[in-house]
Amino acid sequence: METIRTGVLVVGAGPAGLAAGLLLQRQGCDALTITRYGWTAHTPRAHHINPRAMELLRGLGLEQAVRRRAFPQGAVRNVVWCVSLAGREIGRLEHYHSSGPGGYHDSSPCDPANIAQHNLEPILAEELLRRGGKLLFNMDCLAVEQDEGGVRATVRNRATGETVRIEADYLVGADGANSLVARDIGLELDGPAGWGAAINVWIRADLSRYVAHRPGALFWTNQPGSPFWIGSGVFVAVEPWDQWMVTFMYDPAGGEPDLDHDVLVDRIRHIVGDPDVAVEILHAGTWLMNAQVARSYSRGRVFCVGDAVHRHSPANGLGANTSMLDAYNLAWKLDLVQRGVADPALLETYGVERQPIGAAVIARSMKSVGEFPAVAAALGYAPGQTVAEGQACLDLLSAPGEAGEQVRARVAEAFALQAYQFSAAGFELGYHYPEGAVVDCGVAYRPSADPDLIHRPQVCPGAVLPHARLVGRDGVERSTLDIVSDGGFHLLTGPGGEGWRDVCRAVADRFGLDIGVSLIGPGGDHEDSYQAWRGLRETGDSGAILVRPDTHVAWMAPAFSTEAGEELARGVAALLGRSS
């Protein structure tokens with residue numbers, strides 16, 4: 001049996017696994033990524049990449065490549081509710097951009113992107129290969145075992161049938177919702193599996209006449225007499241405006257649904273509202289919705305990311321984003337431990353930091369699921385209604401008088417509630433790590449008054465470094481995040497903080513760590529021309545903010561002093577799990 005040796009083995013090449021491979025490769029870590037498939041995803045799947053995940057991709061130099069393949073930003077402005085695409089519109093909600101109720105304005109250097117997973121993954125895979133990263137296809141992981149000395153994976157080459165043994169110091173399980181890795185290391189998950197069942201139908205159909213005048217990523221149809229939860233079906237835009245993913249819910253207790261071509265085409269034509277529209281079915285299948293999170297994200301030398309440890313509905317569009325951000329948290333820690341710079345105890349902070357995020361994502365997703373029927377309920381729709389009964393309720397939407405006013409008021413309230421699913425900027429951008437690889441410096445995290453909806457940028461240990469526009473010596477405008485996204489530690493200071501440069505060199509030499517330094521302010525590396533950074537930094541001019549490789553704040557000092565060297569050394573030692 002052939003044996004392959006690597007420092008870190010990544011099992012799975014979806015968004016989480018490819019992000020892990022790219023981040024490890026950038027760090028210079030010896031890593032190998034394998035996938036059981038012959039290439040990347042072959043169906044659309046996830047499609048919303050939020051600003052925080054886009055910041056990760058921007059740091060890898062991939063933002064523009066993703067943007068070129070994604071929808072034009074103006075084409076995904078709305079979520080639309082209608083009786084059918086050709087029929088009556090119930091209302092719209094602006095989302096995923098600065099006009100939404102939560103809003104992303106000035107919260108990130110990146111706009112979100114609407115890009116189907118089968119278009120995103122090739123960008124990541126091709127970049128990993130272009131950079132010289134190791135990525136093997138048709139490699140099916142059959143078993144994982146470990147001891148104190150390392151991890152061993154038994155892998156079958158699906159193309160040749162040969163069995164290969166891969167030995168590694170550490171393993172990252174990014175192998176999805178049916179994770180063999182999570183199973184083999186005995187991770188336990190809490191929460192229900194299969195609480196909902198859906199049919200996904202990927203189609204080619206030119207629907208531009210029904211949607212181009214009200215561009216959006218999602219179109220929900222609510223026809224009288226339809227099932228209550230998501231109405232008649234939802235159209236997810238894949239390519240404007242002739243490729244779509246159409247989703248229907250079904251009850252498994254009544255048996256498996258009929259996926260016959262003609263049955264599906266008839267159903268899609270019905271909810272489009274055009275009996276003659278040409279529909280080509282590209283792929284159809286069923287899937288189950290879960291609401292599960294692992295109690296622990298790791299065991300020994302094996303760490304799981306993405307759907308292997310958190311499995312939830314598409315509500316809030318958090319799946320691929322959370323998965324890639326798991327990898328962002330883990331990769332730099334693996335690299336520092338692999339190089340002997342940090343104690344292995346640093347790896348324990350991965351689960352400490354990310355497991356509560358996964359649990360929060362499950363809770364937010366399920367809360368949105370519970371809130372979604374509010375639109376149908378506001379119209380007066382109810383389970384078991386006949387079409388005629390539902391139509392009578394719908395007619396009240398435009399009826400004069402008190403009854404109509406009450407329906408319209410309920411619909412307005414229901415639409416406001418949907419903002420927590422389709423414009424939850426606070427939830428997408430505002431998470432922080434209250435404990436883990438952070439040093440308590442007496443600056444507390446302060447959530448906004450509505451933390452799911454409204455993002456409050458702030459500097460404190462555990463929070464993502466806020467975006468603020470700066471102007472470099474070359475006159476080019478940059479984000480604070482741009483200057484700390486190169487994969488290393490970075491210290492930000494201001495006028496009077498010039499001494500931090502020598503301090504950082506000494507501390508970096510002492511611990512074998514790279515620490516970049518940038519001075520922000522008059523005469524510095526970057527001018528705070530818009531005065532945005534000054535209002536966020538929570539330190540004096542000469543203070544210091546140490547930022548981790550994943551752009552979370554690790555440590556702070558209010559001002560430069562004669563004790564700065566020892567203060568920073570103690571902070572870095574605490575982060576790395578080493579004695580000072």
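Trp241 has its place in the loop between strand E14 (233–239) and strand E15, where strands are DSSP runs of at least two residues (E) and helices are DSSP runs of at least four (H or I), both numbered from the N terminus. The model in which this loop appears is predicted, so that local features need pLDDT of at least 70 and side-chain atom pairs count only at pLDDT 80 or more, while totals for chains, interfaces and linings use all residues. Residues are numbered from 1 along each chain as its sequence is written, and side-chain values use heavy atoms, with hydrogens and water left out.

The peptide bond that joins Pro240 and Trp241 is cis, with an omega of about -15°. Following the chain into strand E15 (residues 243–250), one comes to Thr247. Thr247 counts as buried because its relative accessibility is 9%; buried means under 20% relative accessible area, exposed means over 50%, and partly exposed lies in between, as found with a 1.4 Å probe on protein chains only. The side chain of Thr247 is joined to that of Asn200 by a polar contact of 2.7 Å. A polar contact is a pair of N or O atoms within 3.5 Å, where, within protein, one must be able to donate a hydrogen and the other to accept it, and where residues adjacent in sequence count only if both atoms are side-chain atoms.

A second polar contact of this kind, of 2.6 Å, links the side chains of Asp274 and Tyr210. Asp274 lies in the loop between helix H7 (261–272) and strand E16 (280–289), and with a relative accessible area of 10% it is buried. Apart from neighbours within four places in sequence, Asp274 is in contact (heavy atoms within 4.5 Å) with Arg209, Tyr210 and Arg269.

We turn now to the interior. In soluble globular proteins, nonpolar side chains tend to be buried together. A nonpolar core is here a set of buried Ala, Val, Leu, Ile, Met, Phe, Trp, Tyr and Cys residues joined through side-chain atoms within 4.5 Å. The largest such core has 111 residues, and Ile49, Leu57, Leu491 and Leu568 are those that touch the most other members. Helix H8 (residues 319–338) gives the most to this core, contributing eleven residues. A second core, separate from it, has 57 residues, among them Tyr210, Trp241, Phe372 and Ala376.

Ile49 shows what such a place in a core looks like in detail: if residues up to four places away in sequence are not counted, Ile49 touches Met54, Leu57, Pro112, Ala113, Ile115, Leu120, Ala320, Asn321 and Met324. Two of these names, Met54 and Leu57, return in helix H2, where Pro51, Arg52, Ala53, Met54, Glu55, Leu56 and Leu57 are buried. Helix H2 (residues 51–59) is largely enclosed by the rest of the structure, because seven of its nine residues are buried. Its N-terminal end is capped by Asn50, of which a side-chain oxygen lies 3.2 Å from the backbone nitrogen of Arg52, and just after H2, Gly61 takes a positive phi of about 80°.

Positive phi values also appear at residues that are not glycines. Arg45 has a positive phi of about 55° and is placed in the loop between strand E2 (31–34) and strand E3 (48–49). Thr551, with a positive phi of about 65°, lies in the loop between strand E26 (544–547) and strand E27 (553–557). As for their surroundings, Arg45 is partly exposed, with a relative accessible area of 46%, whereas Thr551 is buried, with a relative accessible area of 1%.

Another partly exposed residue is Gly516, whose relative accessibility is 25% and which is found in strand E24 (residues 515–519). Leaving aside neighbours within four places in sequence, Gly516 is in contact with Phe489, His490 and Leu491.

Finally, the second largest pocket is lined by 27 residues, of which Gly426, Phe427, Gly430, Tyr431 and His432 lie nearest its centre. A pocket is an open set of points, on a 1 Å grid over the protein atoms alone, where a 1.4 Å probe fits and protein lies on both sides within 12 Å along at least five of seven lines, and lining residues have an atom within 4 Å of a point. Helix H9 (348–371) is one of the elements that supply at least two residues of this lining, and H9 gives the most to it, with six residues.
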